[in-house]
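Work through these exercises with the structure in view. Try each task before you read its solution.

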Amino acid sequence: MEVIIRPDAEDIARIVADAFTGLLTRKPDAVLGLATGSSPLKVYDELARRHDAGEVSFARARAFALDEYVGLTPDHPQRYANVLQTEIAGRVDFAPGAVQAPDGLADDLPAACAQYEAAIASAGGVDLQILGIGTDGHIAFNEPGSSLASRTRLKTLTAQTRIDNARFFDDNVDAVPRHCLTQGLGTIMEARHVVLVATGSAKAEAVHRMVEGAVSAMWPGSILQFHRHATVLVDEAAASRLQLSSYYRAAYEGKPDWQGL
Ligand SMILES: N[C@@H]1[C@@H](O)[C@H](O)[C@@H](COP(=O)(O)O)O[C@@H]1O
């Protein structure tokens, strides 16, 4: 796991956008993994800017959302399919239907989960997955206690996650759905490169546990310690509990250019 500590979210966004544009240049039909939440927003802004400048195209790419709320109406602005359309898909040149999310309105939710797994597999798997992390250490919606081998499935959100996400629902926690469909930890682990972005002091404990703690279902992001190509980008506040921060800084400063991200 590579840990990169940068001064601010803009700098992090540039580095992550470089990973996306580099991949799409090498492999225009790449399969991208997209996250919701506030953490990726500056990355999406930077990608939209580069797209407008003619520096990158998503025309042949496909993308999969990490997760989706269960039961939000098709036009609900917080339905993650709509969030991704607003934040990134509608701002660049993805082909119609190229961005998929689990179907949180399906009559048969387990079947929808199985279909989603099959769609990712038939696309050839995810090349580059962007991730955020919850204050309780969840990635996608894999809450503490999630199986480290889990696949796309129905999950119940924790009270903490519903409180954290109430800001997207006019601060009304009762409006936050209780259930979601989420890629499992085992699903996410199959992405060929995962890039996790975390900023702000509220994430410091989760980042420390994920990177330096024991691998444990109590801190689901810690499964990424087993990933062969995981990059964690944090600002100073999110890095504030890291024990080996001097080492991470030295490694990044001395990193040979040819290594890339
Ligand atoms: N399902 C999403 C996660 O994918 C995201 O990583 C997390 C953190 O959100 P934020 O980036 O807004 O802190 O929130 C939600 O629960």
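Four exercises follow, each with a worked solution.

This is a predicted model; local features need pLDDT of at least 70, side-chain atom pairs count only at pLDDT 80 or more, and totals for chains, interfaces and linings use all residues. Residues are numbered from 1 along each chain as its sequence is written.

**Exercise 1. Confidence**

Task: State what average pLDDT the protein has.

Solution. pLDDT is the predictor's confidence in each residue, from 0 to 100. The protein averages 97. Next, 100% of the residues score at least 70. For the complex, the predictor gives an ipTM of 0.95 and a pTM of 0.97.

**Exercise 2. The length of a helix**

Task: Check the span of helix α2, residues 41-52.

Solution. Start with the term: helices (H or I, at least four residues) and strands (E, at least two) are DSSP runs, numbered from the N terminus. The expected span is 1.5 Å times one less than the number of residues. Helix α2 has 12 residues, so it should span 16 Å. Its end C-alpha atoms are 16 Å apart, which agrees. Just after α2, glycine 54 takes a positive phi of about 75°.

**Exercise 3. The buried side of α2**

Task: Find which residues of α2 are buried, and what they pack against.

Solution. A residue is buried if 20 or more other C-beta atoms lie within 10 Å of its own, exposed if 12 or fewer, and partly exposed in between; C-beta atoms are placed from the backbone. In α2 the buried residues are Lys42, Val43, Tyr44, Glu46, Leu47 and His51. An α-helix has 3.6 residues a turn, so residues three or four places apart point the same way. The buried residues of α2 pack against α1 (9-26), α3 (80-87), β6 (128-131) and β9 (193-198).

**Exercise 4. Two listed active-site residues**

Task: Decide whether aspartate 136 and histidine 138 are buried or partly exposed.

Solution. In an unreviewed entry, UniProt lists Asp67, Asp136, His138 and Glu143 under "active site". Such annotations may be inferred rather than shown by experiment. Aspartate 136 lies in the loop between β6 and β7 (153-156). Histidine 138 lies in the loop between β6 and β7 too. Now count. Aspartate 136 has 19 other C-beta atoms within 10 Å, so it is partly exposed. Histidine 138 has 27, so it is buried.

Last, look at contacts (C-beta atoms, placed from the backbone, within 7 Å). Leave aside neighbours within four places in sequence. Aspartate 136 then touches Glu143, Pro144, Thr158, Gln160, Thr161 and Ala206. Histidine 138 is in contact with Glu143, Pro144, Thr161 and Pro220.

Key: Two residues are in contact if their C-beta atoms, placed from the backbone, lie within 7 Å.
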